[in-house]
Amino acid sequence: MKLLKTLFLVALLMALAITALSATSSDSNEQPKSLRGTSRFLSQNGRVALTCEKNPKICLAKGSAGPDCCHNKCVKFSTDRLNCGRCGKKCSFGKICCEGKCVNPNTNEKHCGKCGIKCNAKGSCVFGMCSYA
């Protein structure tokens, strides 16, 4: 019984130590490098956060998901499966978005296996491989 109480006390002390350490590390005054994870209405300093619908140029910033704005999110129309070529155009199951078009990488000679892999004139794309035999 005494061993059980000791183990409980050790576990309690470890939990308190972990809580104290996590509280001190999150209290640092570091500025966030992006607005990801913050409220979409207010940023850390209380100013209104920029949205791509009101200011599409924020999608051109370094580290952005893409240069295009769709439903207030930065996306890349040339490769985004959920917005392929335009906002809201979804690629069906088994297809990927290459150059803004939904293609089947298992059979497409211009995008065999993944975007940009082109089979030569004599070969064909089968199972995502050129000239599979």
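Is C59 buried or exposed in this structure? With a relative accessibility of 3%, C59 counts as buried, because the word applies to residues under 20%. The model in front of you is a predicted one, and every value discussed here was computed from its atoms. Before returning to C59, it helps to look at the protein as a whole and to see which elements the chain passes through.

The protein has one helix and six strands, and when the sequence is read along its length these elements follow the pattern α-β-β-β-β-β-β. The chain has 133 residues, and buried residues make up 19% of them. The accessible surface of the protein comes to about 10700 Å², and 60% of this surface belongs to carbon and sulfur atoms. Another way to describe the chain is to ask how far apart in sequence its touching residues are: among contacts between residues at least 6 apart in sequence, 0% join residues that are at least 24 apart.

The helix, α1, covers residues 2–26, and L13 is found in it. L13 has a relative accessibility of 52% and counts as exposed, because that word applies to values over 50%. L13 also belongs to a nonpolar patch on the surface, which it forms with F8, L9, L12 and L16, and the accessible area of these residues together is about 530 Å².

After the helix we can turn to the cysteines. A disulfide is a covalent bond between the sulfur atoms of two cysteines. A search of the whole structure finds eight disulfides, and three of these pairs are followed here, including the one that contains C59.

C59 forms its disulfide with C74, and the two sulfur atoms are 2.1 Å apart. C59 lies in the loop between α1 and β1, whereas C74 lies in strand β2, so the bond ties together parts of the chain that are 15 residues apart in sequence. The torsion about the S-S bond of C59 and C74 is about -85 degrees, and therefore this disulfide is described as left-handed.

Between the positions of these two cysteines in the sequence, the loop that runs from β1 (68–70) to β2 (73–75) deserves a careful look, and H71 is found in it. H71 has a positive phi of about 50 degrees although it is not a glycine. At 61% relative accessibility, H71 counts as exposed. N72 is found in the loop between β1 and β2 as well, and N72 too has a positive phi, of about 65 degrees, although it is not a glycine. With a relative accessible area of 29%, N72 is partly exposed, because its value falls between the limits of 20% and 50%.

The second pair to follow is C84 and C97, which are joined by a disulfide with an S to S distance of 2.2 Å. This bond links distant parts of the chain, since C84 is in the loop between β2 and β3 while C97 is in strand β3, 13 residues apart. The link of C84 and C97 has 85 degrees about its S-S bond and is right-handed. C84 counts as buried at 0% relative accessibility, and C97 is buried with a relative accessible area of 3%.

What surrounds C97 can be described in some detail. C97 sits in strand β3, which covers residues 96–98. Leaving aside residues up to four places away in sequence, C97 touches F77, S78, T79, D80, R81, C84, G85, C91 and C115. S78 is one of these neighbours, and although C97 and S78 are 19 residues apart in sequence, their C-alpha atoms are 6.6 Å apart in space.

The third pair is C119 and C130, joined by a disulfide with an S to S distance of 2.0 Å. C119 lies in the loop between β4 (101–103) and β5 (125–126), and C130 lies in strand β6 (residues 129–130), so this pair ties together parts that are eleven residues apart in sequence. With -90 degrees about the S-S bond, the link of C119 and C130 is left-handed. C119 counts as buried at 8% relative accessibility, whereas C130 is partly exposed, with a relative accessible area of 33%.

Terms used. Residues are numbered from 1 along each chain as its sequence is written. This is a predicted model: local features need pLDDT of at least 70, side-chain atom pairs count only at pLDDT 80 or more; totals for chains, interfaces and linings use all residues. Side-chain values use heavy atoms; hydrogens and water are left out. Helices (H or I, at least four residues) and strands (E, at least two) are DSSP runs, numbered from the N terminus. Buried means under 20% relative accessible area, exposed over 50%, partly exposed in between (1.4 Å probe, protein chains only). Contact means heavy atoms within 4.5 Å. Patches are made of residues with over 30% relative accessible area and no salt bridge: like charges are joined within 9 Å, nonpolar side chains (Val, Leu, Ile, Met, Phe, Trp, Tyr) within 5 Å. Accessible areas come from the Shrake-Rupley method with a 1.4 Å probe; for residues, only the protein chains shown count as cover. A salt bridge is a side-chain nitrogen of Lys or Arg within 4 Å of a carboxyl oxygen of Asp or Glu. A disulfide is a pair of cysteine sulfur atoms within 2.5 Å.
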